[in-house]
Amino acid sequence: MITKTYSSERTAGLSSQAAVEAIGNRYALILIGARRMRELGRGDAPRVNKGHSPAVTALLEIEAGKVGVDYLLREQELEPQIG
C-alpha cells in the first residue's frame, strides 16, 4: 500500500476549486490563469509568497483575491511589473 504525505503548505497538489469559486467558472479561470502565468514567466513580481511555479503562483493569487475577473478586461501590459 502506498501512502502519500502532504505538507501543510499550499502546493500544486491542491484542488483548484477555491480558484473556480473566486472567478465564477472554469473557462474564465483558464483564461485568467494563463494570462497571469505568462506575466509571471516574463518576470512580473508575484503577489503572493514566492517559491512556486508560475502556474501554482497564478492559482494562489486568484484564490487570494489578488487577481480577479476584471483581469480579463484590462489591457495587457508588455513590460514586466517588478515590485
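**Legends to close-up views of a four-helix chain**

**View 1. The loop between α3 and α4 at K66.** K66 is placed in the loop that links α3 to α4. In this predicted model, K66 has a relative accessible area of 46% and is therefore partly exposed. Once residues up to four places away in sequence are set aside, K66 touches R47, V48 and E61. The C-alpha atoms of K66 and P46 are 9.9 Å apart in space, although 20 residues separate the two in sequence. G65, just after α3, takes a positive phi of about 80°.

**View 2. Overall fold and confidence of the chain.** The chain contains 4 helices and 0 strands, and its elements follow the order α-α-α-α from the N terminus on. Of its 83 residues, 25% are buried. Among contacts between residues at least 6 apart in sequence, 62% join residues at least 24 apart. The accessible surface of the chain is about 5,900 Å², and carbon and sulfur atoms account for 55% of that area. Mean pLDDT over the chain is 81, with 73% of the residues at 70 or more. Confidence is highest in α2, at 93, and lowest in α4, at a mean of 86. Over residues 4-8, pLDDT stays under 50, and the model has 0 contacts for these residues beyond four places in sequence. Where pLDDT is low, the predicted coordinates should not be read in detail.

**View 3. The largest nonpolar core.** Nine residues form the largest nonpolar core, namely A19, V20, I23, A28, L29, I32, I62, V67 and Y71. Helices α1 (17-23) and α2 each supply at least two residues of this core. In soluble globular proteins, nonpolar side chains tend to be buried together. A19, one of the core residues, is in contact with L29, L59, I62 and E63 when its neighbours within four places in sequence are left aside.

**View 4. The buried residues of helix α3.** Helix α3 spans residues 54-63, and its buried residues are V56, T57, A58, L60, E61 and I62. The cover over these buried residues includes α1 and α2. Of the buried residues listed for α3, I62 also belongs to the largest nonpolar core. E61, likewise buried in α3, is touched by K66 from the loop between α3 and α4.

**View 5. The salt bridge within helix α2 and its link to R74.** The side chains of R36 and E39 meet in a salt bridge, with 3.0 Å from N to O. R36 and E39 are 3 residues apart in helix α2 and are thus separated by about one helical turn. An α-helix has 3.6 residues a turn, so residues three or four places apart point the same way. Both R36 and E39 are buried; for E39, the relative accessibility is 1%. E39 also forms a salt bridge with R74, in which the closest N and O atoms are 3.3 Å apart. Because R74 lies in the segment after α4 and E39 in helix α2, this pair ties together parts that are 35 residues apart in sequence. R74 counts as partly exposed because its relative accessibility is 27%, whereas E39 counts as buried.

**View 6. The salt bridge between R42 and D44 and the wider network.** The structure holds 5 salt bridges. One of them joins the side chains of R42 and D44, at 3.6 Å from N to O. R42 has a relative accessible area of 28% and is partly exposed, whereas D44, at 6% relative accessibility, counts as buried. Through salt bridges that share partners, R36, E39, R42, D44, E61 and R74 are joined into one network. E61, a member of this network, is one of the buried residues of helix α3.

**View 7. The nonpolar surface patch.** Y27, L31, L72 and L73 make a nonpolar surface patch of about 450 Å². Helices α2 (26-41) and α4 (70-73) each supply at least two residues of this patch. L31 is placed in helix α2 and counts as partly exposed because its relative accessibility is 36%.

Notes
Residues numbered from 1 in each chain as written. Heavy atoms only, no water. Patch = residues over 30% accessible without salt bridge, like charges linked within 9 Å, V, L, I, M, F, W, Y side chains within 5 Å. Areas by Shrake-Rupley, 256 points an atom, 1.4 Å probe, with all protein chains shown as cover. Salt bridge = Lys/Arg side-chain N within 4 Å of Asp/Glu carboxyl O. Buried < 20%, exposed > 50% of the residue type's maximum accessible area, 1.4 Å probe, protein only. pLDDT = per-residue confidence, 0-100. Contact = heavy atoms within 4.5 Å. Core = buried A, V, L, I, M, F, W, Y, C linked by side-chain atoms within 4.5 Å.
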